[in-house]
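Please examine the sequence and the structure shown below. The explanation after them proceeds from strands to helices.

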Amino acid sequence: MSPVNPSAVIPHSGWYLLAFRSELSADPTPLAIGDRALVALREDDRVRVFDAACPHRGAHLGYGGRREKDCLVCPFHGRRIALGDATRPLSVAEYPVLQWGDAVFARLTGDPAGDRGFAQAVEKYAADFPLVPAVTLPVAVDSAYVVENAFDGDHFKAVHMVPGVRGWTASPGPSGELVVEGEFLMQTSPWQDERHKEEVRWRAIRTNTVRWEYRPRFLARAYSPGVVVTEFGPEGEVHVIVTAAVPTPEGCVARVAVGVRDHQRDTLPVIVAGSRKALAEDQVIWEHLVPGAPERLDGRDEPVVAFREFCADFPAAPPMTGDAR
Ligand code: FES
Ligand SMILES: [Fe+2]
């Protein structure tokens with residue numbers, strides 16, 4: 001895989017974290033997945049996503065298009081473009097959307113094969129772990145690197161200074177998602193107060209032994225090449241981190257969203273800050289990968305290889321025509 005792969009600009013058929021609701025400031029809002037121009041419309045709490053190219057002569061409906069009932073009036077020649085109604089002479093396709101907290105997910109086909117259990121996962125998590133935005137960061141790297149990160153056990157020690165990592169095995173999930181599981185080995189919880197952390201540090205120095213008292217489980221499920229959902233933490237303290245990437249001509253936009261149970265809301269700022277720091281650390285590596293460098297993968301890279309095979313199995317999204325729901 002080269003650091004920026006122009007072919008990755010052609011979208012796959014799986015889910016994307018398209019935007020945070022807070023990014024949809026104007027209505028309609030222009031968006032894109034790779035080379036596919038899209039437009040988002042808000043209807044009360046609901047977000048709808050459509051192709052943005054006017055079927056008459058290709059004007060972008062997200063730049064100056066005006067909503068009128070079930071149409072967008074095109075800014076170029078003023079024709080009324082029907083929304084998601086392929087029976088009308090001029091219409092744009094509507095795409096499946098899932099909302100989970102502040103995160104808006106979309107995919108460019110209604111083909112159930114591309115779902116891989118994500119719709120069910122959103123249903124399972126959304127009420128208990130509402131997502132809030134942590135990071136939106138343009139990165140000059142192939143979008144697949146962002147989600148691949150979860151499958152790369154060794155990088156957590158080298159890049160993010162996690163003291164120890166154990167396990168890290170990938171296996172297919174029941175709906176065709178790809179699951180990776182492991183454990184972090186830490187002296188103390190990053191969410192503990194400073195006094196407790198200090199005590200643990202002193203005890204390690206006094207006794208000259210390090211005890212891995214905090215061993216959070218890392219359980220990540222990739223539902224597409226662009227979305228991975230991680231359950232992180234010991235039993236009772238689990239929170240959810242969604243790491244995602246949307247391809248752009250320059251690389252991708254990486255997004256991280258986090259969700260905690262209501263009684264753990266006070267940990268949210270620390271998790272958000274930690275996610276920002278981690279992504280900035282990854283970015284330095286990603287943006288300096290040497291283009292065309294040969295790879296020599298070994299047994300420790302098996303989960304990464306499994307993720308690449310998982311990605312290769314996603315067909316390209318169908319071209320822009322008709323109603324995709
Ligand atoms: S390009 Fe939209 S009406 Fe002509
Ligand atoms: Fe990372």
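The following paragraphs treat a sheet, a core, a hairpin and two helices in turn.

The model is a predicted one. We begin with an open sheet of three strands, arranged in the order β1-β11-β10 with antiparallel pairing. At its edges lie β1, residues 16-20, and β10, residues 97-100, each of which pairs on one side only. On average, neighbouring strands of this sheet are turned by 30 degrees against each other, direction ignored. In general, the strands of a sheet pair through backbone hydrogen bonds, in either a parallel or an antiparallel manner. Here, β1 and β11 (residues 103-106) run antiparallel and are joined by four bridges. Within this pairing, Leu17 has Phe105 of β11 as its bridge partner.

Some residues of this region also belong to a nonpolar core. In soluble globular proteins, nonpolar side chains tend to be buried together. The largest nonpolar core of the model contains 81 residues, and the members that touch the most others are Tyr16, Leu18, Phe105, Val227 and Val242. Tyr16 may serve as an example: apart from neighbours within four places in sequence, its contacts include Ile33, Phe105, Gly226, Val227 and Ala244.

Ile33 leads to a hairpin. Its bridge partner in β3 is Arg36. Strand β2 (residues 29-33) and strand β3 (residues 36-43) run antiparallel and are joined by five bridges. Two residues lie between the strands of this hairpin, where Gly34 adopts a positive phi near 55 degrees.

We turn next to helix α1, which comprises residues 118-125 and has Phe118, Ala121 and Val122 as its buried residues. These residues lie on the same side of α1, because they cover an arc of only 100 degrees around the axis. Glu123 and Lys124, on the other side of α1, are exposed. The cover over the buried residues of α1 includes β10, β15 (217-224) and β16 (227-233).

Helix α5 spans residues 268-286, 19 residues in total. From its first C-alpha to its last, α5 reaches 26 Å, close to the 27 Å expected at 1.5 Å a residue. Which residues of α5 are buried? They are Ile271, Ala278, Leu279, Asp282 and Trp286. Viewed down the axis of α5, the buried residues fall within an arc of 100 degrees and therefore line one face of the helix. The face turned away from this buried side carries exposed residues, namely Pro269, Val270, Ala273, Lys277, Ala280 and Val284. Among the elements that cover the buried residues of α5 are β12 (132-139), α2 (144-148), β17 (239-248) and β18 (251-259).

Terms used
Residues numbered from 1 in each chain as written. Chains lettered and ligands numbered in written order. Predicted model: local features only at pLDDT ≥ 70, side-chain atom pairs only at ≥ 80, totals over all residues. Pairing = 2+ DSSP bridges. Axes fitted to C-alpha atoms, helices over the stretch in contact; angles between N-to-C directions. Core = buried A, V, L, I, M, F, W, Y, C linked by C-beta atoms within 7 Å. Buried ≥ 20, exposed ≤ 12 C-beta atoms within 10 Å, placed from the backbone. Contact = placed C-beta atoms within 7 Å. Expected span 1.5 Å × (residues − 1). Arc of directions from axis to C-beta.
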